[in-house]
Amino acid sequence: MSRLHIVHTTHYTYARTVSASYNEARMRPANLPGQTVLEARLTATPSTFSTEYRDYWGATVTAFETLTAHDELVVVSESRVDVSPVLLGGATAGWDTLHAPDLVDRMSEFLAVTTATEPDEELRELARAHADGATPQDAALAVCGALREAVEYVPGVTGVHTRAVEAWQARKGVCQDLAHLAAGTLRSVGIPTRYVSGYLHPRTSSAEIGVAVTGESHAWIEYWCGDWFGYDPTNLITPEGHHVVVGRGREYADVTPIRGVYAGGGASTQQVEVRITQET
């Protein structure tokens, strides 16, 4: 088991004074099997009101507003989470189960085509080629491997509104793009897949216990083959002890860490820092 202390800071600076802003943050880790939230809090400075609720996808949302004039906004989410591997059953579902009408109906939201995840014909063919003669479990891993082999991880070449097919055509992207690519491509052959938003503690020798290191807001997937199996297509690993789930949905837009609107202010700049300490 690992105990992780996560501090996620987002700093907005405005070109001109903002008279009011309204925001939603999805930064609180979820309580799940293998993941226990010991404490979590979110502060926004300045802020005049905030409230929490659970959204449709199950994520905890902190909604807050600032009704006083301000030139900058600082949002800090801090949490401590115990993370441990989850043992899953050995049996996995076959294609007959995945293609059964009742399963397709029950998993329809995670089989649906979305703007961000929709694959082109080349991606559909890639999925069919790796699914042919393979079990759904093996096909899912093979597809993720093929996508990662083809797509170079290059920070900054895509944005939050980049569609999976655009990253595929460029053969470059980041974790969000690879999660979108994997989700859309697996769904195209009938494997229910959900997009996962959260944090990643780096697996490096310098990430010593008790030392804060630069972590990441991260994205990966979970696919259903008799149970939900997590997989990180960027790093080609199963999430075990270093991934912290915040929210799940069909795509990034369902679990955006922070979004909002403001009055006045002109253009804004954003600085994000994630610091993670492994305490035990």
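Colleague: How do the residues lining the second largest pocket divide into nonpolar, polar and charged?
Modeller: Keep in mind that this is a predicted model. In the lining of the second largest pocket, five residues are charged and seven are polar. The rest of the split is the nonpolar group, and that count is 14.

Colleague: OK, and how much space lies in that second largest pocket, and which residues are closest to its centre?
Modeller: The space in the second largest pocket comes to about 550 Å³. Its lining is made up of 26 residues. Of those, the closest to the centre are Pro33, Val86, Glu222, Gly230 and Pro239.

Colleague: Which strand gives the most to the lining of the second largest pocket?
Modeller: Three strands each supply at least two lining residues there: β10, β11 (228-231) and β12 (243-249). The top contribution is four residues, and it comes from β11.

Colleague: Now the largest pocket: what is its volume, and which residues are closest to its centre?
Modeller: The volume of the largest pocket is about 1,100 Å³. There are 40 residues lining it. The ones closest to its centre are Val160, Gln176, Ser217, Tyr252 and Pro257.

Colleague: Where does the largest share of that pocket's lining come from?
Modeller: Elements that each supply at least two residues of the largest pocket's lining include β1 (2-25), α6 (175-187), β10 (216-224) and β14 (268-278). The largest share is six residues, and it belongs to β14.

Colleague: And how many polar residues does the lining of the largest pocket have?
Modeller: Let's go through the classes for the largest pocket: six lining residues are charged and 15 are nonpolar. That leaves the polar class, with 19.

Key: Residues are numbered from 1 along each chain as its sequence is written. This is a predicted model: local features need pLDDT of at least 70, side-chain atom pairs count only at pLDDT 80 or more; totals for chains, interfaces and linings use all residues. Side-chain values use heavy atoms; hydrogens and water are left out. On a 1 Å grid over the protein atoms alone, a cavity is a set of points where a 1.4 Å probe fits but cannot get out, and a pocket is an open set with protein on both sides within 12 Å along at least five of seven lines; lining residues have an atom within 4 Å of a point. Grid points are joined across faces, edges and corners, and a volume is the space filled by probe spheres set on the points. Ala, Val, Leu, Ile, Met, Phe, Trp, Tyr, Cys and Pro count as nonpolar, Asp, Glu, Lys and Arg as charged, and the others, Gly among them, as polar.
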